[in-house]
Amino acid sequence: MSLFLQLVSVSKAREEVRNITVRCGVEPVPLAEALHRVLAEDIHADVDIPGFTRSVVDGFAVRAADTTGSSDTIPSIFTYKGKVLMGTPSGNRVKPGECIYVPTGGILPDGADAVVMIEHAEQIGGEVLVKKAVAYGENVLFYNEDFSRGDVVCTGGKRLSPRDIGVLAAAGCTRVPVVRKPKVGIISTGNELIPPDKKPLPGQVRDVNSCVVGSFVQEQGCIPLFRGIVRDDRDALRSSVSRGVSECDAVLISGGSSKDDRDMVAAVIGELGEVLVHGIAISPGKPTIIGKCGSVPLIGLPGHPASAYIVLLAIVRHLLAGMSGETGDNIRLVQATLGQNIPSSKGREDYVRVAVRDGIAIPIFGKSGLLNTLVQSTGVIRVPAESEGLETGTRVEVIVW
Ligand code: AMP
Ligand code: MG
């Protein structure tokens with residue numbers, strides 16, 4: 001019996017994908033090249049941060065208790081005991097009723113436990129009038145307050161943002177262990193396909209999927225290896241896929257994933273390795289294949305670009321994230337109110353394209369072969385398999401493209 005008839009749920013398909021996902025190896029990169037890479041392991045601070053108690057403003061270091069009740073009308077008077085120079089500890093200790101000027105980032109002198117901002121003080125000769133009370137620790141960053149030596153500053157599995165890069169610098173991590181970027185082979189199949197730089201003759205179609213799939217792969221932090229267009233010819237397909245298997249960490253093949261005579265992707269995957277899933281209860285995107293050859297995952301995507309994209313989003317994204325070692329979900333969601341009913345069949349997870357304007361999501365019901373809905377939509381709404389549809393006015397989460 002054909003496996004194709006045995007549709008599996010989206011969650012089952014994801015589980016199958018998880019089972020064949022292998023995280024790529026680790027490579028060290030200089031900190032300056034670590035942006036958007038996935039951290040392979042937890043990074044610990046090699047020093048205490050900050051390494052000294054410091055002021056976060058320009059002002060006068062004081063004992064907070066001495067400022068109690070200070071105001072514009074009734075300032076407290078402090079004895080000025082000199083200034084702290086940047087990067088140098090003060091030789092003096094702040095005693096009751098005394099203050100020492102300290103610049104932003106300067107070491108807080110011993111005895112002081114707060115800083116009065118310069119805006120709230122007035123120096124007159126050897127005295128300083130304090131016009132505002134400060135609390136213990138105000139305008140001060142204490143020794144160790146940020147991170148202690150040995151603390152995890154950044155967790156493995158995170159895709160590094162500019163903020164993370166800064167924290168890694170503070171923690172002394174200059175060679176960053178990151179997961180090697182997965183190499184993903186991309187094959188388009190179909191006798192009708194021509195490269196985008198050619199003008200299509202009747203019956204011909206420009207290869208959209210190589211570009212869509214390749215860009216998606218790149219967006220997910222992986223390296224696309226474009227293997228071009230392959231005719232609907234079993235030998236040609238077999239040799240292209242097997243070359244992909246030897247050169248890549250995963251191979252994505254679009255078109256020919258259904259059960260027509262020309263649809264030979266499942267047969268070729270079966271010959272070279274194993275077909276695990278043929279057909280997913282998802283719309284659009286039903287004719288999807290999940291398979292493997294050795295340790296290399298092979299995915300057969302539907303030919304319709306819009307359908308292929310939904311499968312990239314719902315299934316392949318998890319494969320790429322897993323191979324990249326990324327543990328968080330990088331999907332972007334916005335809340336909206338549904339502006340129109342969405343009918344849906346039970347037992348199938350539907351992805352309906354919507355345009356969101358002023359917080360209202362309007363479904364765009366296009367045929368899956370249409371490309372215009374891909375550019376006119378903001379994203380998609382997922383209608384769970386157990387749902388029979390969503391009613392106007394429902395609050396929904398839109399997966400933003
Ligand atoms: P298939 O899944 O091979 O039967 O293809 C389904 C539909 O998607 C057909 O109309 C194909 O012409 C179209 N199609 C398949 N592959 C691509 C591609 N790479 N770019 C654009 N359209 C495609
Ligand atoms: Mg085809």
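This passage describes the sheets, the cysteines and the internal spaces of a predicted model.

Two open sheets are described here. In general, strands of a sheet pair through backbone hydrogen bonds, either parallel or antiparallel. One open sheet has 6 strands, in the order S16-S13-S17-S21-S20-S18. Its pairing is mixed. Strand S16 (223–230) and strand S18 (274–278) form the edges, and each pairs on one side only. Neighbouring strands of this sheet are turned by 20° against each other on average, direction ignored.

Strand S17 covers residues 250–254. In the strand order, S17 stands between S13 and S21. Strand S13 (residues 183–189) pairs with S17 in the parallel sense, over 5 bridges. Here Gly-185 stands opposite Val-251 of S17. On its other side, S17 pairs with strand S21 (residues 296–301), again in the parallel sense, over 4 bridges. Leu-252 of S17 stands opposite Ile-299 in S21. The next pairing breaks this pattern. Strand S20 (residues 289–293) and S21 run in the antiparallel sense, joined over 5 bridges. Gly-291 is placed opposite Leu-298 in S21. Parallel pairs and an antiparallel pair thus occur in one sheet, whose pairing is mixed.

How many of the residues of S17 are buried? The count is 5 of 5, and the strand is mostly covered. In a regular strand the side chains alternate between the two faces of the sheet. S17 shows two sets of residues. Ala-250, Leu-252 and Ser-254 point one way, while Val-251 and Ile-253 point the other way. Both sets are buried.

The other open sheet also has 6 strands, with mixed pairing. Its order is S7-S4-S6-S5-S9-S8. The edges are strand S7 (114–117) and strand S8 (121–124), each paired on one side only. Neighbouring strands are turned by 40° against each other on average, direction ignored. Within this sheet, strand S4 (residues 59–62) and strand S6 (residues 98–102) run antiparallel. They are joined by 3 bridges. One partnership links Gly-59 to Val-102 in S6.

The cysteines were examined next. A search of the whole structure finds 0 disulfides. Cys-248 is in no disulfide, and the nearest cysteine sulfur, that of Cys-24, is 11 Å away. A disulfide needs two cysteine sulfur atoms within 2.5 Å, so the 11 Å gap rules out a bond between Cys-248 and Cys-24. Is Cys-248 buried or exposed? Cys-248 is buried, with a relative accessible area of 6%. Cys-99 is buried too, at 0%. Both values count as buried because the cut-off is under 20% relative accessible area.

Internal space was also computed. The structure holds 1 cavity of 30 Å³ or more. About 40 Å³ of space lies in the largest cavity. Its lining consists of His-36, Arg-37, Val-38, Arg-159, Val-179, Lys-181, Pro-182, Gly-221 and Ser-324. By class, this lining has 3 nonpolar, 3 polar and 3 charged residues.

The largest pocket holds about 500 Å³ of space. A total of 23 residues line this pocket. Which of them are the closest to its centre? They are Glu-192, Leu-193, Gly-255, Gly-303 and His-304. By class, the pocket lining has 7 nonpolar, 10 polar and 6 charged residues.

Notes: Residues are numbered from 1 along each chain as its sequence is written. Chains are lettered from A and ligands numbered from 1 in the order in which they are written. This is a predicted model: local features need pLDDT of at least 70, side-chain atom pairs count only at pLDDT 80 or more; totals for chains, interfaces and linings use all residues. Side-chain values use heavy atoms; hydrogens and water are left out. Two strands pair if DSSP finds at least two bridges between them. Axes are lines fitted to C-alpha atoms, for helices over the stretch in contact, and angles run from 0 to 180 degrees between N-to-C directions. Buried means under 20% relative accessible area, exposed over 50%, partly exposed in between (1.4 Å probe, protein chains only). On a 1 Å grid over the protein atoms alone, a cavity is a set of points where a 1.4 Å probe fits but cannot get out, and a pocket is an open set with protein on both sides within 12 Å along at least five of seven lines; lining residues have an atom within 4 Å of a point. Grid points are joined across faces, edges and corners, and a volume is the space filled by probe spheres set on the points. Ala, Val, Leu, Ile, Met, Phe, Trp, Tyr, Cys and Pro count as nonpolar, Asp, Glu, Lys and Arg as charged, and the others, Gly among them, as polar.
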